[in-house]
Amino acid sequence: MNKIESTRIGFMQGLETLAEKDDKVMLVCADSLLAMRATEFVEKYPEQYVEIGIAEQNAAATSAGLALEGMIPFFATYAGFITMRACEQIRTFIAYPNLNVKLAGVNGGIAGGEREGTTHQFFEDIGILRTIPNMTILVPADADQARQACIAAASIPGPVYIRLGSGRDPVVFENDTPFVPFKINVLQENGTDIALFGNGILLPRLMEASEILASKGIGVTLVEVHTVKPLDVEGVTAVLKKCGAAVTAEDHTIMGGLGSAIMETAAENCPVPIARIGLRDKFPGSGLPQELLDYYEMSVDDIIRAAEATIARKVKE
C-alpha cells in the first residue's frame with residue numbers, strides 16, 4: 001500500500017513558497033479555503049488572499065482583473081466548479097486574452113467520491129479545458145509533485161490548470177523528484193512490447209501492472225504524461241514508434257482526456273493499436289477511492305488485460 005499524502009497540501013506549500021518571494025502572487029477562493037487546506041496560507045499572507053464566496057464565475061472574472069493589474073492570481077476550488085460553472089469566464093475572460101491566471105482544481109477524477117458523490121467527482125475537467133486555446137494542463141502525480149507544479153505554473157505564461165486529487169493521494173515519487181513541464185517522463189524501459197501511458201492516481205497501478213507484465217515476459221515502456229496540454233507530441237510519437245502498441249490509463253472519462261490526446265497523436269503521426277483505461281460513458285457511484293477505480297474497470301488486472309489484448313492486435317496487424 002502506497003503512503004498517502006494530500007496533493008492539496010502540496011499545492012499550498014508551493015503557493016506559500018511563491019507568495020513569500022513575490023507579493024504579486026494571490027490566492028483567490030470561492031468559499032474553498034478549507035477545501036484547499038489554505039488556512040495557514042491566509043494566516044501568513046492575509047493581503048494576498050481574496051475570498052469571493054460561492055460565486056465561481058465572479059472568482060474567475062476577479063482573477064482576470066487581478067492579472068490585468070500585473071498580479072499572479074491562483075484561483076483554487078473544486079475542479080468541476082472551475083471547468084463547468086465558470087467555463088465561459090475561463091474561456092472568454094482568461095484564455096481568450098491569454099491572461100496570466102492559474103487555476104487549481106481539487107477532486108479531479110472519480111476517486112474523490114467517497115464523501116460527496118457525483119456532484120464532486122470531476123471526470124470531465126481535462127476534456128473541457130483541452131478544447132480551450134492557450135490553456136496549459138498539468139496533472140501532478142502526488143503531493144510533492146503538486147508543490148513543484150504550483151511553483152512551475154507561476155513561470156508559465158498564460159492560463160495554467162493544475163489538477164489535484166481528493167486529499168488522500170498515493171505518494172508515487174521520492175520528494176524533490178524533478179517535475180519538468182511539457183516533457184513526458186519515461187519511468188521504465190523494460191522492453192518494447194507495449195507502452196503504458198498514464199498520470200495522477202493511476203500511476204501506482206500502472207507500475208504494478210508493468211511488474212506483472214514483465215514477470216510474464218512482456219516488455220513494457222512506462223511513461224508518465226503529467227502535461228496533457230500542450231502534449232509532448234515528439235516524445236509520445238517516439239515511444240509509439242518504438243513499441244507499436246499502447247495502453248493509456250487515467251482517472252477521467254476516456255473521452256477528451258489523456259487517452260484521446262495519445263490517440264490523436266497516434267492517428268496523425270504513428271497509427272498503432274491503443275486501448276484506453278478510464279471511466280466509460282457513465283456517471284460513477286460513491287465509494288472508497290481504490291474500490292471505485294476497481295469497480296469502474298481501472299484495476300491493475302484491467303490494465304494487464306488491455307495490454308495483452310492490444311499486443312495481440314499489434315501482432316495481427
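This tour moves from the whole chain to a loop proline, then to the aromatic rings and one helix.

**The whole chain**

Begin with the full model, which is predicted, and colour it by secondary structure, where twelve helices and 14 strands make up the protein. Along the principal axes, the C-alpha atoms fill a box of roughly 60 × 35 × 35 Å. The radius of gyration is 19 Å, which agrees with the value near 20 Å that a compact globule of 317 residues would have. If you switch on a surface, its accessible area comes to about 12,900 Å², and carbon and sulfur atoms account for 52% of it. Buried residues make up 61% of the 317 residues, and among the contacts with a separation of 6 or more, 79% join residues 24 or more positions apart.

**Pro159**

Next select Pro159, which is found in the loop between α7 (143–154) and β7 (160–163). Is Pro159 buried or exposed? With a relative accessible area of 0%, Pro159 falls under the 20% cut-off and therefore counts as buried. Now add Ile94, which is 65 residues away along the chain, although its C-alpha atom and that of Pro159 are separated by 6.9 Å. Leaving aside residues up to four places away in sequence, the residues that Pro159 touches are Ile94, Ala95, Asn98, Leu99, Val101, Asn134, Met135 and Thr136.

**The aromatic rings**

Turn then to the side chains of the aromatic residues, for the structure holds seven aromatic pairs. One of them joins Phe41 and Tyr45, whose ring centres are 5.4 Å apart and whose planes stand at 50°, so the pair is tilted. Phe41 is buried at 0% relative accessibility, and Tyr45 is buried as well, with a relative accessible area of 15%.

Move on to Tyr78, Phe81 and Phe122, which together form one aromatic cluster. While Phe81 is still selected, display Arg85 too, because this arginine lies over the face of the Phe81 ring, at 4.4 Å from the ring centre, within the 6 Å cut-off for a charge over a ring.

**Helix α8**

Finish with helix α8, residues 203–215, and place a distance between its end C-alpha atoms, which are 19 Å apart. At 1.5 Å a residue, the 13 residues of this helix should span 18 Å, so the two values agree. Which residues of α8 are buried? They are Leu203, Pro204, Arg205, Leu206, Ala209, Ser210 and Leu213. As a last selection, take Gly217, which follows α8 and has a positive phi, near 85°.

Terms used:
Residues are numbered from 1 along each chain as its sequence is written. This is a predicted model: local features need pLDDT of at least 70, side-chain atom pairs count only at pLDDT 80 or more; totals for chains, interfaces and linings use all residues. Side-chain values use heavy atoms; hydrogens and water are left out. Helices (H or I, at least four residues) and strands (E, at least two) are DSSP runs, numbered from the N terminus. The expected span of a helix is 1.5 Å times one less than its number of residues. Buried means under 20% relative accessible area, exposed over 50%, partly exposed in between (1.4 Å probe, protein chains only). Rings of Phe, Tyr and Trp (its six-membered ring) pair if their centres lie within 6.5 Å; planes under 30 degrees apart count as stacked, over 60 as edge-to-face and the rest as tilted. A charge sits over a ring if NZ of Lys or CZ of Arg is within 6 Å of the ring centre and within 35 degrees of the ring normal. The radius of gyration is taken over C-alpha atoms; the globule rule is 2.2 Å times the number of residues to the power 0.38. Contact means heavy atoms within 4.5 Å. Accessible areas come from the Shrake-Rupley method with a 1.4 Å probe; for residues, only the protein chains shown count as cover.
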